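This report describes selected features of the structure shown below. It takes up a metal site, strand pairing, cysteine residues and one strand residue in turn.

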Amino acid sequence: MAKRDIIIAPDPRLKKTCITVDTIDGETATLMTDMLETMYAAPGVGLAAPQVGVHKRIIVVDPARGKETPNPHLIANPVIVWSSDETKVHEEGCLSLPLYYEDVTRPDRIRLQYLDENNAERELEADGFFSVVIQHEMDHLDGVLFVDYVSSIKRSMILRKLKKTKKQMAQESD
Ligand code: NI
């Protein structure tokens with residue numbers, strides 16, 4: 001496994017729509033395990049392929065927190081086949097928007113179909129925090145960031161500040 005660099009917003013690579021994966025070959029399986037390592041190192045609870053610059057419909061999530069047993073899910077081509085009418089509000093963050101957190105409203109429960117790392121078709125049901133993480137990561141596959149759910153004034157403020165921070169970091173590393 002190898003850690004990859006996480007792209008920080010604003011960046012056009014985070015706004016692209018990703019393509020469906022045909023089959024989980026060796027290259028894709030390596031990408032999945034690299035993403036998992038990158039996510040754990042960050043540390044984070046979810047990561048989508050475009051965040052490491054790969055525009056394929058792949059996400060990794062692990063909703064386990066604190067001392068809970070690790071519960072990694074390596075997911076390709078996720079499709080939500082059912083979602084509850086009931087919604088919940090959660091405060092979300094993102095490894096591509098470090099240090100910013102905003103409330104986002106989403107369906108509380110979902111049923112998901114996907115391909116796992118062994119190319120097997122799987123289905124899972126998720127609610128609460130796990131459901132939020134999956135939906136957040138799936139948004140990345142269509143170029144959607146959690147700040148796209150907040151007001152445009154707030155969004156441009158956050159992205160402007162991140163742009164400034166990135167510029168400063170680039171200068172410091174020169
Ligand atoms: Ni994110």
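The donor residues of the nickel ion follow the spacing C-x41-H-x3-H in sequence. Cysteine 94 lies in the loop between strand S4 (87–92) and strand S5 (102–107), and histidine 140 lies in helix H2 (residues 128–140), so the pair ties together parts that are 46 residues apart in sequence. The model is a predicted one. In this model the protein donors are Cys94 through SG, His136 through NE2 and His140 through NE2, at 2.1 to 2.2 Å from the nickel ion. Cysteine 94 counts as buried, because its relative accessibility is 11%. Histidine 140 also counts as buried, with a relative accessibility of 1%.

Strand S6 takes part in two antiparallel pairings, with S3 and with S7. They are set out below.

| Strand pair | Bridges | Opposed residues |
|---|---|---|
| S3 (residues 73–83) and S6 (residues 109–115) | five bridges | serine 83 and isoleucine 110 |
| S6 and S7 (residues 121–127) | seven bridges | leucine 115 and glutamate 121 |

S6 and S7 form a hairpin, and five residues separate the two strands. Within the turn, asparagine 119 has a positive phi of about 70°.

Strand S7 also contains alanine 126. This residue is buried, its relative accessible area being 4%. When neighbours within four places in sequence are set aside, alanine 126 is in contact with Asp108, Arg109, Ile110, Ser131 and Ile134. Of these partners, Arg109 and Ile110 fall within the residue range of S6, while Ser131 and Ile134 fall within that of helix H2. Ile110 is also the residue that stands opposite serine 83. By contrast, arginine 160 is 34 residues from alanine 126 in sequence, and the C-alpha to C-alpha separation of the two residues is 34 Å.

How many disulfides does the structure hold? The number is zero. For cysteine 18, the closest cysteine sulfur belongs to cysteine 94 and is 13 Å away, which is too far for a bond because a disulfide requires sulfur atoms within 2.5 Å. Cysteine 18 is itself buried, with a relative accessible area of 5%. Cysteine 94, in turn, provides its SG atom as a donor to the nickel ion.

Definitions and conventions:
Residues numbered from 1 in each chain as written. Predicted model: local features only at pLDDT ≥ 70, side-chain atom pairs only at ≥ 80, totals over all residues. Heavy atoms only, no water. Donors = N, O, S within 2.8 Å, 3.2 Å for Na, K, Ca; no water. Helix = DSSP H or I, 4+ residues; strand = E, 2+ residues; numbered from the N terminus. Buried < 20%, exposed > 50% of the residue type's maximum accessible area, 1.4 Å probe, protein only. Pairing = 2+ DSSP bridges. Contact = heavy atoms within 4.5 Å.
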